[in-house]
Amino acid sequence: MHWADVIARQLLERRPDHVLATAITPSGPIHVGNMREVLTSEAVHRAIQDQGGESEFIYIADSYDPLRKVYPFLDESAYAPHVGRPLAEIPCPCGGHATYAEHFLEPFLAALFDMGITPRVLDAHMMYKDGAYQETILRALAATDRVREIIERVSKRQLPKGWIPFNVQCQDKSCGSLDTTPLAYIHPIVTYRCKRCDLEAEVDITRPGVGKLPWRIDWPARWSFLGVTFEAAGKDHHASGGSWDTGQEIARTVFDTEPPMGLLYEFIQLKGKGAMHSSTGTTVSAEDMLRITPPEVLRFLIVRNDPRKHIDFDPGLGILNLVEDYDRFERVHYGKEEEGTGIKDAERVYALSQPHRVRAQMPVQVSYRHLVTVVQMAESDDDVIHILARAGEIPSDLPDADRKHILERAAHVREWLARFAPEDVKFQVQKEPPVFPTDADDRMLYSRFVDVLESVAEWRGDKIHDAVYEALTDLGLKAGEGFRAVYRAILGKDRGPRAGHFLASLPRDWVVERFRHYAGEEATTGTQERA
RNA sequence: GGGCUCAUAGCUCAGCUAGGUAGAGCAUCCGGCUUUUAACCGGGCGGUCCAGGGUUCGAAUCCCUGUGAGCCCGCCA
């Protein structure tokens, strides 16, 4: 059984209705690892519904968290003054969003939407300001000693003298820092000193929005007032003595709430670079990831792997394998291929990978690897379809849905080529003849190309291929050597797409002229290394 | 010091909450191919399932111990 169904079954044994929570701090570009948390939860959400249960899926944007430091991607002088202030109260890096938090949240939520994920989005800043946390804040403060004891015992950490389970937000409107020291707490008044602006002042904690619960209390607090019954969390939270452990106990003893079922999920590693961290730059943002990977394939990556196993993600050639694995699951799903080894829960994984619904008919498949070539030959979307149809790789009466699907994939391929593809899979038609040394044999070959291409009956891929092949067998050359000459002249490299159709996609006169360049004596002057 | 995960073919891994004669892809080797974007087609080679113990008629699979590796443990997925 698929892991999402196993978890759903366990949840439904407890009760018929569930609230699944997922939360992310929008302190920087939200990376593909964060995507795992959301997608893992969403798979469980769907599984609960598929088993007849009720499920609500919420996403909490931790926008009231303070800016911890000036991250490497931020302007030092512009953001240094904002350290300590809530992400929802400081400016957007690009100026195009209302707040810093929005800047990172907006593209991430858009990416989620593209993957068919539409959680109920809750904004922590707003929940604090609206008083949603109010009851839990008062309970936590009333139980300060108990909370302190739990955290110190479970996490084996010493809390400072005078610590209270509440971070006051500096009441100076021009400051607003959450980095404050409590001086005294005599209910309902907390006296504090701001570490940022040195203000010493009092706040009435019965007023909403005057501060924030520290993470270890915030987490169980929201379980309590949102009724969370399941929450996946990263392995960092699940380390022994971590916030998961303290949260369990605080939920039960301070908030009288049964904590949710947890699920530890492993990190996604960037191949060869280790875990992703927004702060160190070893990261691929979720939006970037979605630009180079079709949404169903990104879902597939996460859904087919057990959450507890780490994923090595290779944004280079690995993407091609990933997409081809997906296509294989698709063929199995539609009964076009046997479910062999290496394929697990094919039906379920495929269904959970779909952003929306499973199509009744199997989508027309085009080898993704091949698309990499086609996209580079084609000048437009129509060209892509034309090239594929010409080679018989798609039916001439291609349904609109398939046309759309193929072109979406082509767009992903283009993005991948521009940003992550290794150089050796790329090619570009050279406007000027590349310079490389030629000898008499080479010149003869090019001369021969000129003759056969001028005389070929029709400027069509198969005809051209036959003509070129004939020319080089006449000269006693191996196919490899002969075709290499074609690619050098056109692309400036030794390899390229299948020659016939490739040349057919270029104007005949231009091709002939290019070969003539290397056939004549005047071309032999080029002795430099080719570019 | 603690936690989680992993250990199966040369490499990457599937199989492990249905215990019942070890699987795939890649690499390699052989054959084919009017050629190729880590080509394609057919075939071959290849494993004490990390070690030890336990449960069982039967263990890669369940349990215990050990070894090795990776990641995590103020905020951090």
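In strand β10, G262 is the bridge partner of E231. The model examined here is a predicted one. E231 belongs to β9, a strand of residues 230-234 with 5 of its 5 residues buried, so β9 is largely enclosed by the rest of the structure. In a regular strand the side chains alternate between the two faces of the sheet. In β9 both faces are covered. F230, A232 and G234 are buried on one side. E231 and A233 are buried on the other.

Strand β9 has partners in β10 and β1. It runs parallel to β10 (residues 261-265), and 5 bridges join the two. Strand β1 (residues 17-24) is also parallel to β9, with 2 bridges between them. Here A21 stands opposite E231. E231 is thus placed opposite A21 and is bridged to G262.

The largest nonpolar core holds 110 residues. Those that touch the most other members are M35, F108, F230, F449, L453, V468 and F515. Helix α2 (residues 32-50) gives this core its largest share, 8 residues. Another core lies apart from it and has 47 residues, among them L141, I150, V228 and W244.

What surrounds F515, leaving aside its neighbours within four places in sequence? The contacts of F515 are Y446, F449, V450, L453, V486, A489 and I490. Two of these contacts, F449 and L453, are also listed with F515 among the core residues that touch the most other members.

Helix α2 also holds V38. V38 counts as buried because its relative accessibility is 0%, and the cut-off for burial is under 20%. Beyond four places in sequence, V38 is in contact with T22, I24, F57, Y59, F108, L112 and I117. One of these, F57, is 19 residues from V38 in sequence. Their C-alpha atoms are 9.5 Å apart. Another contact of V38 is F108, listed above for its many touches within the largest core.

Two further helices are well covered. Helix α11 spans residues 295-303, and 9 of its 9 residues are buried, so it is largely enclosed by the rest of the structure. The buried set includes nonpolar residues such as V297, L298 and F300, and also E296 and R299. In helix α13 (residues 346-353), 6 of the 8 residues are buried, so this helix too is largely enclosed by the rest of the structure. Its buried residues are A346, R348, V349, Y350, L352 and S353. They pack against α1 (3-14), α2, α11 and α12 (318-333).

Helix α12 contains D327. Is D327 buried or exposed? D327 counts as buried, because its relative accessibility is 5%. Leaving out residues up to four places away in sequence, D327 touches Q365, V366 and R409.

A buried charged residue also occurs in a loop. R85 lies between α3 (76-79) and α4 (100-114). R85 is buried, yet it has no salt bridge. The nearest side chain of opposite charge belongs to E89, 6.6 Å away. A salt bridge needs the charged atoms within 4 Å, so this pair does not qualify. What lies 2.4 Å from a polar atom of the R85 side chain? That place is taken by the backbone oxygen of S174. Beyond four places in sequence, R85 touches D65, P66, L67, I90, S174, C175, G176, S177 and R196.

Some loops show particular backbone geometry. A cis peptide bond joins H187 and P188, with omega at about 0 degrees. P188 lies in the loop between β5 (180-186) and β6 (189-194). D198 lies in the loop between β6 and β7 (200-204). Its phi is near 70 degrees, a positive value in a residue other than glycine. D198 counts as exposed because its relative accessibility is 58%, and the cut-off for exposure is over 50%. D256 is also not a glycine, and its phi is positive at about 50 degrees. This residue sits in the loop between α9 (243-253) and β10. With a relative accessible area of 60%, D256 is exposed.

Conventions: Residues are numbered from 1 along each chain as its sequence is written. Chains are lettered from A and ligands numbered from 1 in the order in which they are written. This is a predicted model: local features need pLDDT of at least 70, side-chain atom pairs count only at pLDDT 80 or more; totals for chains, interfaces and linings use all residues. Side-chain values use heavy atoms; hydrogens and water are left out. A nonpolar core is a set of buried Ala, Val, Leu, Ile, Met, Phe, Trp, Tyr and Cys residues joined through side-chain atoms within 4.5 Å. Buried means under 20% relative accessible area, exposed over 50%, partly exposed in between (1.4 Å probe, protein chains only). Helices (H or I, at least four residues) and strands (E, at least two) are DSSP runs, numbered from the N terminus. Contact means heavy atoms within 4.5 Å. Lys and Arg count as positive and Asp and Glu as negative; His and the chain ends are not counted. A polar contact is a pair of N or O atoms within 3.5 Å; within protein, one must be able to donate a hydrogen and the other to accept it, and residues adjacent in sequence count only if both atoms are side-chain atoms. Two strands pair if DSSP finds at least two bridges between them.
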